[in-house]
Amino acid sequence: MGKKGKKDSETPGKDTFEPLPFEGKTPETIVLLLSSPEEDILVKACEAIHIFAEKGDENMVCLLGLGALEPLCQLITHINRLVRRNAFMALGVMANNGDVRVALKNIDVIPSIIDKLSLDDLVVHEFATLCLASLSVDFICKVKIFDNKGLPPLIQLLSSPDPDVKKNSLEVILNLVQDYDSRLAVHELGGIPPLLDLLKSDFPVIQHLALKTLQNITIDKDTRTTLREEQGYEKLMDILSDTELRDLHAEALDVVANCMWDSESLQLIHEGEGLTRLIEFVLTPNLPEIQSNAVKCIARVAQSSENRKLLHEQNFETTLVELLSVADISVKTATCQAVSAMSLHRDSKNTFRELGGIPAVVQMLSDDSLVLREAATQALSNLTQSNKLNAFAVYEAEGHEFLVQQLYESCPRTVANAAATLGNMAGQVVIRCSMLSHGAIPALVEPLKSTDTQVLINSTLCVAELACETEARAELLSAGGLQPLVNLLHTYQKEVLRNACLAINVCACDVPTAVEMCKFGALELLQEINQSVNRRSSFSRLAMNSLLNFNLSVKYSLTGHLACTDIISDGFYDAGKAPAGQRILTLEELSKEPVNKQQPIIVVNTATEETVEPPEERQSNPSETVHGTKGRTPRKKKEDVKQKDETLPESWKMMDDDSLQVLVKEAKETIMLLRDEREQWAALARLVSEVMGGAVEMAKLNEFFWVLHLSELKFQLQSNVVPIGLINKGFYCHRALLFKCLADCIGMSCTLVRGEYNRAWNEVLFFNRDPSRNECPSGPCRYIIDLMHQPGSLLGANTAAAEQYQTI
């Protein structure tokens, strides 16, 4: 594409001098002449600068230093056609230099250039668009071109008879459509038809630029619709069917790949020979770029379930497995993407395994290419989804080892895919144990801190799968993974919150992990979530219940109720009703607080050893490590109150409760000898009442100085924490707690319910049956046991007597 004629003659007026001879031997002289008032001199000066600048960057920089740029920018608006034209020629050539481009940005010449695109002058068109093409590589200049309405005239110039104008205009448009607003504008301004027309150009450079521009703008759905309406898809397929246009095939396939997002375009494939042609490109050897782009198209085709079925019927999986062994990275990456799409078809999942495709994909996890590893993890994620045989095939190929390493990657999509695949595989015990042995839990800690939603969704689900193993829970605790897991309860992303609750529910199976999560505020957060209409779910309630079941002290404080199945054990404490939204302190924390005027914290401890081991299945208060004190003189009387052991200030220990030990022993030796269940409950009630101050008439409750008694105990112990066995005068709440504690110790079942104003009671279930008659009971009845007024009396639930016992 050559230059046009640049010289036109103009007839001087009859009252003017004849033109003087012009000679300029130095750049300095020529630049000075740019300020001449003589039009002929300006024409020749601009022409000289154009010729001088064409010789190279050194000359362009020289002219810039001599100050040629500003007068040239003024002369492109000159009224004289030749001056204007030659100034554009000089400016267009100089704009190719980087230093000149920077200077032009500061001069703000773009509005003037765009204004002159409307002139009927092909030379101005050529060099004005050449100048804009150079400037449009800069983001600020792109914005200026767009804001100054440069796109409409540029789109008009796509139909110019001059190929240089077309090429330059295309370059500007291509640079602009990297941005969203410009992409939409090209479509709205009718840019699709002229772009499609340029595909038939005689100049390959124009065809390439047109295809690249189409590839950018067809990202948007409306543009793809217009492209289809303008028979653009057919024109692209014509290019792909022409073997003489092989140099355009890769870029044409890029555009076709974008079109494959639309079902209407996919329908065109079915109606024509499009799919067959695409498969031919896939099989074309020694052309990696074309192969990879064709496979990308197939991957887009496979987004539709109908198309996946069609490809499966054509045994396309065999082709993809063969392509996995191709050396080119782009081909392997595109193939993994196609495998991922095809794996959404159930039969294709199995076919890939049977053809040996899974080990081939696993091998790519060790490749240096980040993009390939991302595609491989995505393929494995889809292959193993709801497919145990494929998961085992990945395990046999040692894929889980590589996947664990991918969790340390910086690419969020790779991490998300790896976590999803590991989660899919973790359902099988042998795989799960092997994953743990290769460090899966420590590798998941950082993903739990991610800000990427999909990473969080997949990593929390993976933790939930792995944490069913005791080893995994202990490792998550030691690796510091519980705090970021609990922190996810702050999220408003529903799927992340759901999976986090699921993982917390599984992790709560162990006392140590439950303790740690409570320290990080898990219970308070779950309580807040469960009070929210929008955030609560069955998963949040499940997580809350699981934590509470291993924190009976906290459960009783929060809910005011312990079920028959909630077995009180050593370390349980009653700190009263918890204020809403406030963290419940551990027993150790409470014991270290200065003595206050509030009611004491009542603690249960029947242990005699120095260290109390929590039961395997349940511990009432896992919020602290429970200790006893060994080698101390046992108490013979309750009145011999023991002071706290301060010999080891560096480690907290729970006080012994010898009196409670005696009560437990007595209950085991006497209560369990009774055969009648009612009599067992009554005897236990009388025992509790006796040690707690005996029966108190309802009318004389105000004369029962239990508050003073407890205050004296706190003063004697110099602690807010009081062992329950030391209480001689116990109110409803203390008697009900002791009753529940003794019942649990001897294997009897009852509830513990907190009421208002220090009231509490126990409920029991047993069948009503007349032993003199051979009758089957109709069903269990619920009773409240009187521990305060007529110890051992059974008060039918929901009766007036029970209501009087429960309230003041």
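Which residue forms a salt bridge with Asp510, and how far apart are the closest N and O atoms? The views below are taken from a predicted model.

**Figure 1. Salt bridge between Asp510 and Arg473.** The partner of Asp510 is Arg473, with the closest N and O atoms 2.6 Å apart. Asp510 sits in the loop between helix H35 (494-507) and helix H36 (511-519), while Arg473 belongs to helix H33 (residues 470-478), so the contact ties together parts 37 residues apart in sequence. Asp510 has a relative accessibility of 17% and counts as buried. Arg473, at 5%, also counts as buried. The cut-off for buried is under 20% relative accessible area, and Asp510 is therefore placed in that class by its 17%.

**Figure 2. Salt bridge between Asp121 and Arg81.** The closest N and O atoms of this pair are 3.6 Å apart. The pair links distant parts of the chain, 40 residues apart: Asp121 is in the loop between helix H7 (110-115) and helix H8 (122-135), and Arg81 is in helix H5 (residues 81-94). The two residues fall into separate accessibility classes: Asp121 counts as buried at 3% relative accessibility, whereas Arg81 counts as partly exposed at 39%.

**Figure 3. Network of salt bridges around Asp121.** This view adds Arg85 to the pair of Figure 2; Arg81, Arg85 and Asp121 are linked in a network of salt bridges. Side chains of opposite charge can pair when their charged atoms come close.

**Figure 4. Salt bridge between Glu374 and Arg413.** The side chains of Glu374 and Arg413 meet with an N to O distance of 2.9 Å. Both partners are in helices: Glu374 in helix H26 (residues 370-384) and Arg413 in helix H29 (residues 412-425). They are 39 residues apart, and the pair links distant parts of the chain. Glu374 counts as partly exposed, with a relative accessibility of 22%. The salt bridges shown in Figures 1 to 4 come from a search of the whole structure, which finds 21 salt bridges.

**Figure 5. Nonpolar surface patch of Phe139, Ile140 and Val143.** These three residues form a nonpolar patch on the surface. Together, Phe139, Ile140 and Val143 have about 270 Å² of accessible area. Val143 lies in helix H9, which covers residues 139-147. At 32% relative accessibility, Val143 counts as partly exposed. Patch members need over 30% relative accessible area, and Val143 therefore meets this cut-off with its 32%.

Key
Residues are numbered from 1 along each chain as its sequence is written. This is a predicted model: local features need pLDDT of at least 70, side-chain atom pairs count only at pLDDT 80 or more; totals for chains, interfaces and linings use all residues. Side-chain values use heavy atoms; hydrogens and water are left out. Helices (H or I, at least four residues) and strands (E, at least two) are DSSP runs, numbered from the N terminus. Buried means under 20% relative accessible area, exposed over 50%, partly exposed in between (1.4 Å probe, protein chains only). Patches are made of residues with over 30% relative accessible area and no salt bridge: like charges are joined within 9 Å, nonpolar side chains (Val, Leu, Ile, Met, Phe, Trp, Tyr) within 5 Å. Accessible areas come from the Shrake-Rupley method with a 1.4 Å probe; for residues, only the protein chains shown count as cover.
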